[in-house]
Every structure is written in structure tokens, then in C-alpha cells.
Amino acid sequence: MKINIRGNKIEITDSIKNYAEGKLGKLDKYFDHPDEITASVLVKENGVYQKVEVTIPIKKTMLRAEESNKDVCAAIDLVLEKLERQIRKNKTKMQHKNSKGNYDLFIDFEVSEEEQEPYKIVKRKEIDTKPMDEEEAILQMNLLGHDFFVFKNIETDDISVVYKRKDDNYGIINMK
């Protein structure tokens, strides 16, 4: 796997680069053609914490994980664990899609019964969408104590989703 490493407010030393390449290289065993895959690694400094974001595009899907830690090597280790967990969790789904030629994964490990449980929907809700602006939607979301809120955007006439980001700002998704 090819690995592109870049830093944001932090210098990427040879030791960080070698450590990341060594650790992320362990993911090669999950892919049939790892030499055709490029992983993007972004290391950011945020105060005393270093945040590592890894994105690996694979044909029709994307593996992505991010972690923060005071030590950049520990953050890389945690990201690697998350990526492996994603692959294991979605093993059967990926194998099914792989038989259709959509994924470039080679999975050679066993999945426990716990990991094979299908997704379970425990609640369904119907909502009446009242047209509102983005500020009112954020207010409604905060009043409900949720991380997201679906509403009909009065400005665009689209169904929109406002969500709270990890950096305590807000994002909007518009559905056309």
C-alpha cells in the first residue's frame, strides 16, 4: 500500500513517517492488490494532542478512522486498531460485495458470533417537517439534546440535516 503522510501544524519527521508506514503496512494482508491502494494520513497538532486521520479509498467504499493522543505513535496505533475493527465488523458485507467484484479485499480471519449479528432497528419515528431556517433547526436540535436534526430548509426547500461536529461547530447536509 502506498502511504501519503502530511502534517498540519506539525513537522512529519522520518521517524513518524517510518512508524506510520510500518504500522499501516500491516493492513496489506487484507487486500488482494495492496500496491494499487493509496492511504492518506493527516497528522494534526491540537494543543498537547496529536490527531491522526487515515483515509483508504477502496473501489466503491472508504475506510476511515481518526484518533487523538498526546503521543503521535499511540494515535497511529489506535487508528490501526479502528481500521482493523472496521474491516472485521464488515467482513461478511464486504465478502458478499466482493463476490460481485466491488471490493478489493482479501479477508482471511474468523469473525466471532458477536460480530456477525445483523443490524437491529429498535425504533422508528415519523416526523412532520415544518419549514425552518438553519438557526431554528440548530436551536431545536439543542433543545432536544440530539447530535443531529432533520428539517425542511425554508431557504432551499430541501430536506436538510444539521449535525454537531466533534469540534463543537455545526454541519448541514442538504438532500436534493
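These exercises walk through the fold, the sheets and the cores of the structure above.

The model is predicted: local features need pLDDT of at least 70, side-chain atom pairs count only at pLDDT 80 or more, and totals for chains, interfaces and linings use all residues. Residues are numbered from 1 along each chain as its sequence is written, and side-chain values use heavy atoms, with hydrogens and water left out.

**Exercise 1. List the elements in chain order and state how much of the protein is buried.**

Solution.
- Start with the terms. Helices (H or I, at least four residues) and strands (E, at least two) are DSSP runs, numbered from the N terminus.
- Count them. The protein has four helices and eight strands.
- Read from the N terminus. The order is β-α-β-β-β-α-α-β-α-β-β-β.
- Turn to burial. Buried means under 20% relative accessible area, exposed over 50%, partly exposed in between (1.4 Å probe, protein chains only).
- Of the 176 residues, 31% count as buried.

**Exercise 2. Work out the four-strand sheet: what is the strand order, and which strands stand at the edges?**

Solution.
- Two strands pair if DSSP finds at least two bridges between them.
- The sheet is open, its order is 1-2-3-4, and its pairing is mixed.
- Strand 1 (2–8) and strand 4 (61–69) are the edges. Each has a single partner strand, so one side of each lacks a neighbour in the sheet.
- Neighbouring strands are turned by 15° against each other on average, direction ignored. Axes are lines fitted to C-alpha atoms, for helices over the stretch in contact, and angles run from 0 to 180 degrees between N-to-C directions.
- Strand 3 (residues 49–58) runs antiparallel to strand 4, joined by nine bridges. Here valine 52 faces glutamate 67 of strand 4.

**Exercise 3. Place helix 1 and helix 2 against the strands.**

Solution.
- Contact means heavy atoms within 4.5 Å.
- Helix 1 packs on the sheet and touches strand 1, strand 2 (38–46) and strand 3. Its direction makes about 140° with that of strand 1.
- Helix 2 (residues 72–89) lies across strand 2, strand 3 and strand 4, at about 145° to strand 4.
- Zoom in on isoleucine 16, in helix 1 (residues 14–24). Isoleucine 16 is buried, with a relative accessible area of 10%.
- Not counting residues up to four places away in sequence, isoleucine 16 touches Glu11, Val72 and Ile76.
- Isoleucine 16 and isoleucine 76 are 60 residues apart in sequence, yet 9.4 Å apart in space, C-alpha to C-alpha.

**Exercise 4. Find which element gives the largest share of the largest nonpolar core.**

Solution.
- A nonpolar core is a set of buried Ala, Val, Leu, Ile, Met, Phe, Trp, Tyr and Cys residues joined through side-chain atoms within 4.5 Å.
- The largest core holds 27 residues; Leu27, Val52, Ile56 and Leu83 touch the most other members.
- Strand 1, helix 1, strand 2, strand 3, strand 4 and helix 2 each give two or more residues.
- Helix 2 supplies the largest share, seven residues.
- Another core, of six residues, lies apart; Met132, Met141, Phe149 and Val162 are among them.

**Exercise 5. Trace the pairing partners of strand 6.**

Solution.
- Strand 5 (residues 131–132) and strand 6 (residues 148–153) pair in the parallel sense over two bridges. Methionine 132 has asparagine 153 as its bridge partner in strand 6.
- Strand 6 also pairs with strand 7 (residues 159–164), antiparallel, over five bridges. Phenylalanine 151 stands opposite serine 160 in strand 7.
- The hairpin of strand 6 and strand 7 has five residues between the strands, and aspartate 157 takes a positive phi near 65°.
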